[in-house]
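Please load the model in your viewer with the cartoon shown and the side chains hidden. The tour below moves from one selection to the next and says what is to be found at each stop.

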Amino acid sequence: VIIFSGSTVLFVMKGFRLHSMQCGVRRVHFSESFERLPSGFSILVNSPVCIVASKAVNSFGMNQYLVGCKRTGQAALVDCGDRAPESWMEVARSYNLTIGSILQTHAHIDHVMGLWHTKTAIPNAVLYMHSNEMVWQRA
């Protein structure tokens, strides 16, 4: 579960402690230097404790996210619609993060188009999806 409220980010995942942090939200302007990011990525939050990256993916332009805790080095991908998970793994590595979780908010096609690709590239990542939506995982 990820909840954005003002400058507070709250996320709870198995294996994570409850994190509620003041992120000191700072919008990234294109004049700032982020050459280490693959094309199309935006940094929504970059604080001493967390990072939130986003990119519009697939033909639907669905927003996929990477949420990472800099203190634990753990990260989660939210809504794996991108069929090229390598770029997400590259972003995680650039912030010294390990993707250990995949969070699917629901299983509409735009949100799961890249799920198989992501699970293949990151087989140890734990998938979190409502049990009624798991038919997509088995397909």
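Which residue of E6 stands opposite Cys-50? Select both strands before answering: Cys-50 stands opposite Cys-69 in E6, where strands are DSSP runs of at least two residues (E), helices are runs of at least four (H or I), and both are numbered from the N terminus. Two strands are said to pair if DSSP finds at least two bridges between them.

The coordinates are those of a predicted model, in which local features need pLDDT of at least 70 and side-chain atom pairs count only at pLDDT 80 or more, whereas totals for chains, interfaces and linings use all residues. Residues are numbered from 1 along each chain as its sequence is written, and side-chain values use heavy atoms, with hydrogens and water left out.

**The whole chain**

Colour by secondary structure, and four helices and nine strands appear, following the pattern β-β-β-β-β-β-β-α-β-α-α-β-α along the sequence. Of the 139 residues, 46% are buried, that is, under 20% relative accessible area, with over 50% called exposed and the range in between partly exposed (1.4 Å probe, protein chains only).

**The sheet**

Next select E4 to E9, six strands that form an open sheet of mixed pairing in the order E4-E5-E6-E7-E8-E9. Strand E4 (42-46) and strand E9 (126-128) stand at the edges with a single partner strand each, so one side of each has no neighbour in the sheet. On average, neighbouring strands are turned by 20° against each other, direction ignored; axes here are lines fitted to C-alpha atoms, for helices over the stretch in contact, and angles between N-to-C directions run from 0 to 180 degrees.

Start at the E4 edge, where E4 and E5 form a hairpin with three residues between them and pair in the antiparallel sense over four bridges. Within this pairing, Val-45 stands opposite Val-52, and Ile-43 has Ala-53 as its bridge partner.

Move on to E5 (residues 50-57), which is largely enclosed by the rest of the structure, because seven of its eight residues are buried. Its antiparallel pairing with E6 runs over eight bridges, one of the bridge partners being Tyr-65 for Ser-54. In the hairpin of these two strands, which has four residues between them, Asn-58 takes a positive phi near 55°.

E6 (residues 62-69) is mostly covered as well, with six of its eight residues buried. On to strand E7 (residues 74-78), which runs antiparallel to E6 and is joined to it by five bridges; here Gln-74 is the bridge partner of Cys-69. The E6 and E7 hairpin also has four residues between its strands, and Gly-73 in the turn has a positive phi of about 80°.

**The helix and the cores**

Now show helix H1 (residues 85-94), which lies across E5, E6, E7 and strand E8 (98-103) and runs at about 160° to E5. A nonpolar core is a set of buried Ala, Val, Leu, Ile, Met, Phe, Trp, Tyr and Cys residues joined through side-chain atoms within 4.5 Å. In the largest, which has 26 residues, Leu-66, Leu-77, Tyr-95, Leu-97, Ile-99, Leu-115 and Met-129 touch the most other members. E5, E6, E7, H1 and E8 each supply at least two residues of this core. Apart from it lies another core, of seven residues, among them Val-45, Cys-50, Val-52 and Ala-76.

**The aromatic pair**

Select Phe-41 and Trp-88, both of which are buried. They form an edge-to-face pair, 4.6 Å centre to centre with 70° between the planes; rings of Phe, Tyr and Trp (its six-membered ring) pair if their centres lie within 6.5 Å, and planes under 30 degrees apart count as stacked, over 60 as edge-to-face and the rest as tilted. The structure holds one aromatic pair, and its members are 47 residues apart, Phe-41 in the loop between strand E3 (19-22) and E4, Trp-88 in helix H1.

**A buried glycine**

Finish at Gly-114, in the loop between helix H2 (109-112) and helix H3 (115-121), where the relative accessible area is 0%. Leaving aside neighbours within four places in sequence, Gly-114 is in contact (heavy atoms within 4.5 Å) with Cys-80, Gly-81, Asp-82 and Arg-83. The C-alpha atoms of Gly-114 and Gly-81 are separated by 4.4 Å, although these residues are 33 apart along the chain.
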